Amino acid sequence: MFSLFYKPVFLLLIVIFSLPGCTSEQPGTLKVGTNVWPGYEPLYLARASDLWEPGRISIIEYNSASEVLRAFRNDSLDVAALTLDEAISLIADRPDTRIFMGIDFSAGADVVIVQPDIEVAGELRGKSVGVESTAVGAYILARFLEVNQLVLSDINIVFMAVDRHAQAFSQREVDAVVTFEPVKTQLLKQGGRTLFSSNDIPGEVLDVLVTRQDVIQKKAKQLQALTAGWFQSLTIIKEHREVALLKMAPRMGISSQELDIAMQGLKLLDSEDNQHLLRAENATINETAIKIETLMLSNGLLAKPVFNEGYINSQFVDKK
């Protein structure tokens with residue numbers, strides 16, 4: 001169970017201050033927001049592969065998950081790609097939120113990376129740690145501190161957007177960063193050392209797609225097309241991996257070989273995976289969500305329990 005240091009760091013990090021992006025889509029367009037993360041790349045591959053009818057689905061990239069959350073809360077987006085802990089936080093103030101597809105489990109792609117001269121977690125006492133103002137950044141940092149028997153006061157937190165991580169690390173403005181792919185690959189090339197990753201907390205970092213109940217009612221066909229395109233995109237990656245990597249890598253700012261390695265830190269969720277994750281009483285997402293919510297409640301991050309099966313909608317991943 002998390003100790004109380006989790007509360008202040010999480011509350012500070014989930015402050016949302018970014019403005020939503022502006023779009024010019026027509027009313028019938030399904031607007032989907034993501035931040036930069038290799039697990040979301042199959043959505044962009046689906047777009048590049050013309051798997052959706054033109055004008056029906058718009059994938060919009062934001063600089064951070066905080067911006068995605070802000071845009072979704074303001075109804076500027078129909079769909080948001082979020083981590084499950086972010087989705088639970090969203091449900092607390094937007095109970096019309098519905099989780100309708102699983103994207104991926106992070107299995108090493110989210111990390112705490114330290115400077116080359118730091119060998120163990122204890123050496124971070126009194127040192128600076130850069131972290132993005134997002135819920136998942138807070139989550140990874142809190143778990144890292146707990147696993148390594150550290151507390152918040154042992155470190156100096158430096159808030160910074162993910163696009164600052166590589167420069168701040170290379171210029172030694174920080175001694176460590178809580179980051180994720182593709183920045184992870186860039187920092188390892190600079191000589192950084194991985195002290196902790198989502199692989200150390202298997203099954204806890206899950207990315208999902210969320211929407212609102214009114215969107216389900218008004219844009220069901222587009223949501224069905226979105227999920228179908230995702231599954232088709234995974235088939236392309238499986239059957240034509242080299243070509244798919246070449247298409248996806250430029251957007252991530254890394255080589256196709258580096259993206260291949262980055263993707264190995266993820267478990268992309270196909271149709272069968274989503275069946276297990278979301279369907280009926282035995283939906284495996286329930287166990288993960290309840291575990292995360294319990295941790296959030298014990299640290300005052302939620303006023304009351306909010307998650308239940310009513311926030312899951314499996315109709316778009318159900319086998320026909």
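Me: How do the residues of the lining of the largest pocket divide into nonpolar, polar and charged?

Reply: A general idea helps before the count: rolling a probe the size of a water molecule over the atoms shows where empty space is left. In this predicted model, the lining of the largest pocket is made up of eight nonpolar, three polar and five charged residues. The space in this largest pocket comes to about 340 Å³, and of the 16 residues that line the pocket, the closest to its centre are Leu 234, Thr 235, Lys 238, Leu 268 and Asp 270.

Me: Which helices and strands each supply at least two residues of that lining?

Reply: Three helices and one strand do so, namely helix H9 (220-239), helix H10 (241-252), strand S11 (266-268) and helix H12 (271-278). H9 gives the most, with five residues in the lining of the largest pocket.

Me: While we are at helix H10, is Leu 246 buried or exposed?

Reply: Leu 246, which is found in helix H10, has a relative accessibility of 52% and therefore counts as exposed, the cut-off being over 50%. When you look for Leu 246 in the structure, you can also look for Asp 260, which is 14 residues apart from Leu 246 along the chain, with 9.7 Å separating the two C-alpha atoms.

Me: How many cavities of 30 Å³ or more are there?

Reply: The count comes to two cavities of 30 Å³ or more, and here a cavity is a space where the probe fits but cannot get out, whereas a pocket is open. The largest cavity has a volume of about 100 Å³, and among the residues that line this cavity are Asn 35, Trp 37, Tyr 40, Glu 86, Asp 110, Val 136 and Phe 180. By class, the lining of the largest cavity has six nonpolar, two polar and three charged residues.

Me: What lines the second largest cavity?

Reply: The second largest cavity, with a volume of about 60 Å³, is lined by 11 residues, of which Val 136, Gly 137, Val 178, Thr 179 and Phe 180 lie nearest its centre. Strand S5 (110-114), H5 and S8 are the elements that give two or more residues to this lining, and its residues divide into six nonpolar, three polar and two charged.

Me: Why is helix H4 said to be largely enclosed by the rest of the structure?

Reply: Helix H4 (residues 84-93) is described in this way because eight of its 10 residues are buried. These buried residues are Leu 84, Asp 85, Glu 86, Ala 87, Ile 88, Ser 89, Leu 90 and Ile 91, and Glu 86 also appears in the lining of the largest cavity.

Me: Which backbone angles should I look at with care, and where is there a cis peptide bond?

Reply: As a general guide, most residues other than glycine have a negative phi, and most peptide bonds are trans. In this structure, a cis peptide bond joins Glu 181 and Pro 182, with omega at about 5 degrees, and Pro 182 lies in the loop between strand S8 (176-180) and helix H7 (183-189). Gln 149 is not a glycine, yet has a positive phi of about 55 degrees; Gln 149 is found in the loop between helix H5 (135-147) and strand S7 (156-159), and is exposed, with a relative accessible area of 71%. Arg 172, although not a glycine, has a positive phi of about 60 degrees; Arg 172 is found in the loop between helix H6 (165-170) and S8, and is partly exposed, with a relative accessible area of 46%.

Key
Residues are numbered from 1 along each chain as its sequence is written. This is a predicted model: local features need pLDDT of at least 70, side-chain atom pairs count only at pLDDT 80 or more; totals for chains, interfaces and linings use all residues. Side-chain values use heavy atoms; hydrogens and water are left out. On a 1 Å grid over the protein atoms alone, a cavity is a set of points where a 1.4 Å probe fits but cannot get out, and a pocket is an open set with protein on both sides within 12 Å along at least five of seven lines; lining residues have an atom within 4 Å of a point. Grid points are joined across faces, edges and corners, and a volume is the space filled by probe spheres set on the points. Helices (H or I, at least four residues) and strands (E, at least two) are DSSP runs, numbered from the N terminus. Ala, Val, Leu, Ile, Met, Phe, Trp, Tyr, Cys and Pro count as nonpolar, Asp, Glu, Lys and Arg as charged, and the others, Gly among them, as polar. Buried means under 20% relative accessible area, exposed over 50%, partly exposed in between (1.4 Å probe, protein chains only).
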